[in-house]
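Q: I've got a protein model open and I'd like to understand the labels people put on it. Can you take me through how each one is earned?

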Amino acid sequence: MFHNVRIFFTDGEELGWNTGVSEQGAFGIANVFKRLGITNDDVYVFDSCGRGEIPVLARTELPEKTPLSFVKKFSDLFDRTQEILRLASPGRWMTLPVPYSDNASFLACGIPAVAITMLPAQEASLYARELNKHPELKDAVMNRESSKKERMTSGKIEYSYKERLPYTWRLFHTPYDNESSLTAESFTVMKNVLEVLARAKNLA
């Protein structure tokens with residue numbers, strides 16, 4: 001009997017922010033999957049999961065011209081992931097706009113993929129309120145690359161949104177993005193998430 005879960009460690013998702021997803025560490029894996037015809041597996045990207053107690057499922061906006069068949073596959077995966085979080089963290093999980101992550105590489109290769117991260121409860125609630133008060137915040141977070149190109153061609157002033165992001169995300173790539181910023185409760189929640197995935201295994 002084979003387990004249907006494969007675990008990969010990737011890096012370099014930030015490299016794709018300015019140059020495109022092909023520079024991400026996950027792109028090579030996604031491209032191999034596509035070449036081998038492995039396009040129907042559930043792909044879960046766990047990104048920055050060591051701080052906080054609220055699992056956050058990243059909202060993803062697919063391009064308008066995305067084939068309906070792909071939209072359905074992605075929507076089904078998104079729904080199944082919500083069920084995983086319901087079981088792993090009852091009443092304490094959210095779906096929110098999340099900055100660039102490695103699931104972009106899989107989506108670019110035609111493979112549905114979702115991203116899961118973690119946030120402290122207070123930060124997640126504050127961020128949700130900021131999204132309600134500032135609708136432009138979602139676009140700034142989710143469309144940074146396209147917004148940058150627009151600013152370069154139109155001279156449009158960049159929307160100031162960094163101070164409205166969760167404090168956890170503002171720690172990234174700073175001297176404070178270190179072991180002391182991690183929280184013990186996040187590891188307990190992630191253990192629950194992984195156990196739910198393990199119990200849902202099927203024959204490969």
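Q: How many salt bridges does the structure hold?
A: The structure holds 10 salt bridges. Keep in mind that this is a predicted model.

Q: What makes the contact between arginine 80 and aspartate 42 a salt bridge?
A: The cut-off is a Lys or Arg side-chain nitrogen within 4 Å of a carboxyl oxygen of Asp or Glu. Here the N to O distance is 2.6 Å, so the pair qualifies. Arginine 80 sits in helix H3 and aspartate 42 in the loop between helix H2 and E1, so the bridge ties together parts that are 38 residues apart in sequence.

Q: Are arginine 80 and aspartate 42 buried, exposed or partly exposed, and how do you know?
A: Buried means under 20% relative accessible area and exposed means over 50%, with partly exposed in between. Arginine 80 comes out at 37% and aspartate 42 at 35%, so both count as partly exposed.

Q: How do you know that arginine 164 and glutamate 130 form a salt bridge?
A: Their closest N and O atoms are 3.5 Å apart, and the limit is 4 Å, so they make the cut. This pair links distant parts of the chain: arginine 164 is in the loop between helix H7 and H8, while glutamate 130 is in helix H5, 34 residues apart. There's also a network of salt bridges here, linking Glu130, Lys133, Glu163 and Arg164.

Q: Why is glutamate 130 called buried, and what is arginine 164 called?
A: Glutamate 130 has a relative accessible area of 13%, and buried means under 20%, so the label fits. Arginine 164 has 22%, so it goes down as partly exposed.

Q: Which other residues of H5 are buried, and where do they sit around the axis?
A: Besides Glu130, the buried ones are Glu123, Ala124, Tyr127, Ala128 and Leu131. The buried residues cover an arc of only 160 degrees around the axis, which puts them on the same side of H5. On the other side, Gln122, Asn132 and Lys133 are exposed. As for neighbours, the buried residues pack against strands E2, E3 and E4 and helices H6 and H8.

Q: What makes E4 largely enclosed?
A: Just count: 7 of the 7 residues of E4 are buried, so the strand is largely enclosed by the rest of the structure. Ala113, Ala115, Thr117 and Leu119 point one way, and Val114, Ile116 and Met118 point the other way.

Q: How do you know that E1 and E2 each pair with E4?
A: Pairing takes at least two bridges. E1 and E4 have 4 bridges, in the parallel sense, and phenylalanine 46 has isoleucine 116 as its bridge partner in E4. E2 and E4 are also joined by 4 bridges, but they run antiparallel, with isoleucine 54 standing opposite leucine 119.

Q: What stands out about the phi of serine 48 and of histidine 173?
A: Serine 48 has a positive phi of about 55 degrees although it isn't a glycine. Histidine 173 isn't a glycine either, and its phi is positive too, near 60 degrees. Serine 48 lies in the loop between E1 and E2, and histidine 173 in the loop between H8 and helix H9.

Q: Why is histidine 173 called exposed?
A: Its relative accessible area is 59%, and exposed means over 50%, so the name holds.

Note on methods: Residues numbered from 1 in each chain as written. Predicted model: local features only at pLDDT ≥ 70, side-chain atom pairs only at ≥ 80, totals over all residues. Heavy atoms only, no water. Buried < 20%, exposed > 50% of the residue type's maximum accessible area, 1.4 Å probe, protein only. Helix = DSSP H or I, 4+ residues; strand = E, 2+ residues; numbered from the N terminus. Arc of directions from axis to C-beta. Contact = heavy atoms within 4.5 Å.
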